[in-house]
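Please take a short walk through this structure in your viewer. Each stop names a selection and says what is found there.

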Amino acid sequence: MTEPNKLPHHGVPDHQPAAGGIAARARAAATPQYLSGLNPEQREAVETLDGPVLVLAGAGTGKTRVLTCRIAHILSQGRARPGEILSVTFTNKAAREMKLRLGQMLGQAVEGMPWLGTFHSIGGRILRTHAELVQLKSNFTVLDVDDQIRLLKQLLAADNIDDKRWPARMLAGLIDGWKNRGLTPSQVPPGEAAVFGNGRGGKLYAAYQERLKILNAADFGDLLLENIRLFREHPDVLRQYQHRFKFILVDEYQDTNVAQYLWLRLLAQAPSKPGVPLSSVIPGRIDSTVIPGRAEGTNPESGARDGDQTDRDSGFAPAGAPRNDEVNILPQPGMTAPNPPKNICCVGDDDQSIYGWRGAEVDNILRFEHDFPGAKVIRLERNYRSTGHILAAASHLIAHNEGRLGKTLRTEDVDGEKVTVTGSWDSEEEARAIGEEIEELQRAGNKLNDIAILVRASFQMREFEDRFVTLGLPYRVIGGPRFYERAEVRDALAYLRTINSPADDLAFERIVNVPKRGLGDATVQMLHDHARKRRIPLFEAARAVVETDELKPKARGSLRDLIASFDRWRAQREVTSHTELAEIVLDESGYTEMWQKDRSADAAGRLENLKELVRSMEEFENLQGFLEHISLVMDRDGGAEDDAVSLMTLHSAKGLEFDNVFLPGWEEGLFPSQRTLDEQGRAGLEEERRLAHVGITRARRRAKLYFATNRRIHGTWSTTIPSRFLDELPAPNVEITESKGGSGWGGSGGYGPSRFDNVESFGSSYSTPGWQRAQAQRARGQNGGRGGGQAGGGFNESQSPFSGSRSDTSNSRGEGFSRNKRAPLTIEGELIAKSTGTTSEFSLDDRVFHQKFGYGNVVKIDGNKLTIAFEKAGEKKVVDSFVERV
DNA sequence: GCCCCTAGGATTTTT
DNA sequence: TCCTAGGGGC
């Protein structure tokens, strides 16, 4: 997370207020250590323990520090025990960081904070405790997106919906969106549910939820949504948690979505009286007051929250509640007892809300005071991170946004270097230029660890990776595919999941034929048919089918072996440690062997990953514990301590900071992203701008922006124009420089750097050389190539961007960045689609028809297994679901 | 049942 | 341009 209050650079003396006068020092000396060194606002944020508090913490103002100090303060004041503080963050990274800092601050005094974690992990934890109340078992599986989509594909196929026209991915997105807004299937507005699959969207959502229960599984959204449902339907359970959590702290409040908001509000209510339904205690609902200064209609989704269904139960602020600055809320009509506001403290920055696309509601933070009347709002505006120019540039840029609460960041640091804007001919030159500058910085004594490149979209990374590989410049990619998303890890997990939860069809299906066992589509299809008709898990279906003659001997044999293996493993689970069990499973299943035999280049890496997986299991007590955490908590660990440049997206850079930050690709269409603009209009633009703001404020000493005149998108080159955000930067804080990549148009003969060094007014970035050249280029019909006939100015000259060929190879990727090559998926959808109709009970002598064996008569009945004398095939055992009476 | 090849699609951002 | 799913051939 952020590193607030980092001591200033450039040898400027500490500007922390506490170091000021004698009085301040005396006070600092008399106060607990964790409070010293806080500025007055921070200190107020830490010490205001009672009632709702909103801390608006701009970039680099010490947000995390305030949160951790606040926890320390609560504990040391004896106001609550560690287990009575609910502290939620958005990412695992943030949660870990807080735990770490708390540990440092309090020594070993705190034996962990059991309720410090992400929304999802805490939600999941509560859900497991009461799983049976929401029709799950406590060992339920958390499905990731991949599982989710596979499941939806099955449902689409079962409904005969063309998944070309209506992709499962799209439905997954819709469902996700609904869940983010706290909507159960019955609460989705009919109009919205109808947009998918010719009006069947709502039904599919319901069917999906139903399937999840059968599979004993929950997806990410359920971890919160089902939690909310749990709280609503079981007030006694809710009350238990309301009692437990004396203090609630929320990090990155601007990123919360409606579901998270509802969840928080339920918990933030004072406990109601037992036996009284919540809805009768607090009748209020939130009205849809428009936040002043916020553009109307920018947020089409905000209306959802006003729905009576979603909100009724948890209304904290009755409609029309006065916006009360001083006084706590008075008892409202309908309340049976004084209902003091819970001690909830939300920390966030509306200017850093960048997850709107994922359902985050900036509104949550914008209307905090309204939702929690009497809230104290504290602004942290003192920035301890960036130099003056950088901060000025970022502030000026973000001031173009309308929907914000408004903060003015200030620093006491020196002005430092101006923010630079550099145009280059194309994205390759951009990468070259940045590579050069990095090497220069390195020569000047900068650590590579202090350097980051932040891109808008991950496809931009490639060029840098290529370039850095050629240069031999160490780099690391942050983000990207997670460890547990790799095919081999997921396969291994699927084995373990099947052991742990026999109803986990998705897991079983994933590995039933991995490694190859001759159990292909046809077999799986049959299992599906049977499972569906009898409403049993696939694994159980397999067990039944194996007892019959439905399958060819070979397939039957291998399926029988597989079942026997699982039975054995499940038995071993009782007597073997989970890590050992994992090794046994990987070994006996032939999975390890499969990769050992694999001749492809990445096989070794995959085996290594498997080992790593087993190693990582050691941290957990047992298999169940491990599986519970893997999908929620396992981050790809950076691990590498080496000095390396960081390469990541702007999104994953939030919360980080670097001395030197390179921001390439500031072009219209890319940044701001055209897609965001198309889909979300003005709100989208503002979010992109916030992203830009986040990017610039990551920099401590140098922020360097770039735009290229030509960029290759989907393999074809196109001419781009500089981002409007460049125009929105304040001229006095910005310096326009010439690309040092050199090989392009900007060489000696053309527009020399000197000509633009002294540009007084930044007026429009369209006056930059890159843009002028681009214009000229376009006027000439894009045929002139690089004008002025400069040959390679001492660089590997790459081909003209229009030639489409590349000068360097691109086969080597960063460590651990191999693209997933996953095992071919079975066509599960079709499998289900074929199952139709219901089977009635059979009696002896019934005449029946079987697809494979033809006509025959029932001669024996053993539960669902029938023995039938077929006219042509002779006597066979079959499963009843495969025959029909004639 | 498995493998190879091809055509078409996609490209934000992530718990 | 690259990747993936899906179809067709063995």
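The tour covers a sheet, a helix and the surroundings of a DNA strand, all in a predicted model.

**Stop 1: the sheet**

Select strands β3, β2, β6, β7, β1 and β8, in that order. They form an open sheet of six strands with parallel pairing. At its edges are β3 (116-118) and β8 (376-380), each of which pairs on one side only. From one strand to the next, the twist averages 15°.

Now keep residues 53-57 and 343-348, which are strands β1 and β7. How many bridges join β1 and β7? There are four, and the pairing is parallel. To see one of the partnerships, pick V55 and look across to V347 in β7.

Next, add residues 63-76, helix α3, which packs on the sheet. Helix α3 touches β1, β2 (85-89), β3, β6 (247-250), β7 and β8. The direction of α3 makes about 170° with that of β6.

**Stop 2: helix α7**

Move to residues 168-180. Helix α7 has 13 residues and spans 18 Å from its first C-alpha to its last, close to the 18 Å expected at 1.5 Å a residue. Which residues of α7 are buried? They are A168, L171, A172, I175, W178, K179 and N180. An α-helix has 3.6 residues a turn, so residues three or four places apart point the same way.

Show the neighbours of these buried side chains. The buried residues of α7 pack against the helices α6 (145-158), α8 (190-193), α9 (201-214), α10 (220-233) and α12 (258-268), and against strand β5 (217-219). Then step just past the end of α7 to G182, where phi is positive, at about 75°.

**Stop 3: DNA strand B**

Select DNA strand B and the 25 residues around it. Which of these come nearest? They are R456, S458, R482, R675 and H714. Sugar and phosphate make up 59% of the strand B atoms that come within 4 Å of the protein.

Three side chains can be checked one by one:

- R456: a polar side-chain atom lies 2.2 Å from a base oxygen of DNA strand B.
- H714: a polar side-chain atom lies 2.5 Å from a base oxygen of DNA strand B.
- N513: a polar side-chain atom lies 3.0 Å from a phosphate oxygen of DNA strand B.

Finally, colour α23 (521-534), α30 (650-653) and α31 (674-697), the elements that give two or more residues to the surface near DNA strand B. Helix α23 gives the most, with three residues.

How values were computed. Residues numbered from 1 in each chain as written. Chains lettered and ligands numbered in written order. Predicted model: local features only at pLDDT ≥ 70, side-chain atom pairs only at ≥ 80, totals over all residues. Heavy atoms only, no water. Expected span 1.5 Å × (residues − 1). Buried < 20%, exposed > 50% of the residue type's maximum accessible area, 1.4 Å probe, protein only. Contact = heavy atoms within 4.5 Å. Pairing = 2+ DSSP bridges. Axes fitted to C-alpha atoms, helices over the stretch in contact; angles between N-to-C directions. Near = heavy atom within 4 Å. Polar contact = N/O pair within 3.5 Å; in protein donor to acceptor, adjacent residues only side chain to side chain.
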